[in-house]
Every structure is written in C-alpha cells, then in structure tokens.
Amino acid sequence: LDYTWHVRVGQVVFRGFIMGDHVLEKIRARLTDYMAHLKDSDQKPASKLKDWLESSAFDTDIDDAFEEVDKDGNEKLNWNSGEIRTFIHLVFAKCGLPEPQGDSVFYGVYQLFDKDGSWSLDEDECCDMVKGIIKAIYKEDGGEVVEEAEEIKEEKKKKRKEEKKDKKDKKEKKDKS
C-alpha cells in the first residue's frame with residue numbers, strides 16, 4: 001500500500017492512500033475460492049455492487065458496521081477475537097453478497113492491511129480492507145471502478161467523523177442525565 005495523496009492512472013484511491021491494481025490483484029488472488037463460489041452459484045454481484053459503491057450509503061454502511069462490531073470502543077477490530085470476520089460478514093450482508101464459506105477465506109486479505117502485525121486493524125484499515133474486497137469482487141465480475149475526487153472523499157470522511165463525534169457526545173450527555 002502506497003500512502004500518498006496523488007491519483008495515478010490505473011489505480012484505485014481509498015481514503016488517502018492508493019490501492020494500486022497490484023493490490024487489487026493480490027486481493028483477488030486471495031479470494032479465488034470465494035470468487036469461484038460466486039460463479040458456481042450463478043451470483044452476478046456487479047450490478048448490485050455498482051449501485052451500492054456509487055451511493056452515499058456505501059461509506060456510511062461500512063462505518064456503521066465497524067461501530068457495531070467495535071463493542072469495546074477501542075477503535076480497533078481484532079482478528080483473533082473474530083471481530084474482523086464479523087465485520088466482513090456484516091458488510092457482505094449489507095450489500096447482499098453470500099456468506100463466505102469458512103472464516104479463513106479473508107485471512108490473506110486481512111494480512112495485507114495489518115501493516116504493524118498487531119492482529120488488529122483500526123477503523124481506516126478495516127474500511128480500506130473491506131472496500132478493497134468489495135471493489136475486487138466488483139472488478140472480477142466485470143465492473144469498472146471509478147473513484148471520486150480526493151477532495152470530495154476527504155470532505156465526506158471529515159463530515160462522518162464530525163457526525164460520529166456529535167452522536168457520541170449526545171450519548172454521553174444522555175448517559176450523565
């Protein structure tokens with residue numbers, strides 16, 4: 001993963017870092033069993049995923065899934081406790097993809113994003129990972145990934161963080177009273 005703010009031709013940009021085609025290919029290579037399962041079941045997720053990827057609900061759904069799974073509020077999900085697998089399953093349910101067969105299906109993808117070897121991913125890493133998975137599946141099914149301008153993405157991210165902070169502040173106020 002190349003941390004930069006520049007958009008390059010042929011690369012998919014996620015939340016401030018570039019996920020090049022080579023990373024999407026690594027994700028796709030690690031998902032061969034799942035991709036085969038999709039093809040065997042005659043699942044054609046591209047049209048469903050395209051609508052979701054281009055909707056304003058995409059980022060919100062992923063952020064909401066992270067918050068739902070992060071029960072201890074430490075802003076990290078852990079592989080060994082099953083939080084990351086639960087997060088992936090929740091996102092798949094939100095976008096209508098079939099349940100992965102076995103928990104190890106996404107372990108190789110998770111390893112691409114666990115940069116510090118901590119067995120956990122913070123919110124940005126989790127969101128980047130699951131977006132990479134969704135976009136790799138979409139691309140495998142013939143979809144063409146088109147990204148928003150970086151400024152728009154950063155503005156959306158900033159707005160979501162403010163909304164989350166406001167929500168947390170309101171909850172704390174309510175809990176105190």
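Let's start with Asp64. At 34% relative accessibility, this residue counts as partly exposed. This is a predicted model, so keep that in mind throughout. Asp64 sits in helix H4, which covers residues 57-69. Now look across to Lys164. The two residues are 100 apart in sequence. In space, their C-alpha atoms are 9.7 Å apart.

Let me step back to the whole chain. The protein chain has eight helices and five strands. Reading along the sequence, the order is β-β-β-α-α-α-α-β-α-α-β-α-α. The chain has 177 residues, and buried residues make up 44% of them.

Next, the core. The largest nonpolar core holds 40 residues. Which of them touch the most other members? Those are Phe87, Met129, Ile133, Ile134 and Ile137. Several elements give two or more residues to this core: helix H1 (21-30), helix H2 (32-40), helix H3 (46-53), H4, H5, H6 and H7. H7 gives the largest share, with nine residues.

So, on to H7. This helix runs over residues 123-140. How many of its 18 residues are buried? The count is 15, and H7 is mostly covered. Its length checks out too. At 1.5 Å a residue, H7 should span 26 Å. The end C-alpha atoms are 25 Å apart, which agrees. At the N-terminal end there is a cap. Asp122 provides it, with a side-chain oxygen 3.1 Å from the backbone nitrogen of Asp124. Just after H7 comes Gly142, with a positive phi of about 95 degrees.

H7 also covers the positions of two cysteines I want to raise. Cys126 is buried, at 0% relative accessible area. Cys127 is buried as well, with a relative accessible area of 0%. Why is there no bond between Cys126 and Cys127? The closest cysteine sulfur to that of Cys126 is in Cys127, and at 6.7 Å it is too far for a bond. Looking from Cys127, the closest sulfur is that of Cys126, again at 6.7 Å. The cut-off for a disulfide is 2.5 Å between the sulfur atoms. By that rule, the structure has zero disulfides.

Now H5. This helix has 13 residues. From first C-alpha to last, H5 reaches 19 Å, close to the 18 Å expected at 1.5 Å a residue. Which residues of H5 are buried? They are Glu83, Ile84, Arg85, Phe87, Ile88, His89, Val91, Phe92 and Cys95. Note the charged names in there, Glu83 and Arg85. After H5 comes Gly96, whose phi is positive, near 80 degrees.

That brings me to the aromatics. The structure holds eight aromatic pairs. Take one of them, Phe92 with Phe106. The pair is edge-to-face, with 5.3 Å centre to centre and 75 degrees between the planes. Why does this pair tie separate parts together? Phe92 lies in helix H5 (residues 83-95), while Phe106 lies in the loop between H5 and helix H6 (107-113), so the pair links parts that are 14 residues apart in sequence. Both partners are covered. Phe92 is buried, with 0% relative accessible area. Phe106 is buried too, at 3%.

There is also a ring cluster. Ring pairs link Trp79, Tyr107, Tyr110 and Trp119. One member has a charge over its ring. The charged end of Arg85 sits over the ring of Trp79, 4.7 Å from the centre. Recall that Arg85 is among the buried residues of H5.

Stay with Trp119 for a moment. Trp119 lies in the loop between H6 and strand S5 (120-122). Is Trp119 buried, exposed or partly exposed? With a relative accessible area of 37%, Trp119 is partly exposed. Its backbone is worth a look. Phi of Trp119 is positive, about 65 degrees, although the residue is not a glycine.

Glu75 is another residue to check there. Phi of Glu75 is near 60 degrees, again a positive value in a residue other than glycine. Where is Glu75? The residue is in the loop between H4 and strand S4 (76-78).

That's my tour. Back to the core for the last word: H7 gives nine residues, the largest share.

Key: Residues numbered from 1 in each chain as written. Predicted model: local features only at pLDDT ≥ 70, side-chain atom pairs only at ≥ 80, totals over all residues. Heavy atoms only, no water. Phe/Tyr/Trp six-rings, centres within 6.5 Å; stacked < 30°, edge-to-face > 60°. Helix = DSSP H or I, 4+ residues; strand = E, 2+ residues; numbered from the N terminus. Buried < 20%, exposed > 50% of the residue type's maximum accessible area, 1.4 Å probe, protein only. Lys NZ or Arg CZ within 6 Å of the ring centre and 35° of its normal. Expected span 1.5 Å × (residues − 1). Polar contact = N/O pair within 3.5 Å; in protein donor to acceptor, adjacent residues only side chain to side chain. Core = buried A, V, L, I, M, F, W, Y, C linked by side-chain atoms within 4.5 Å.
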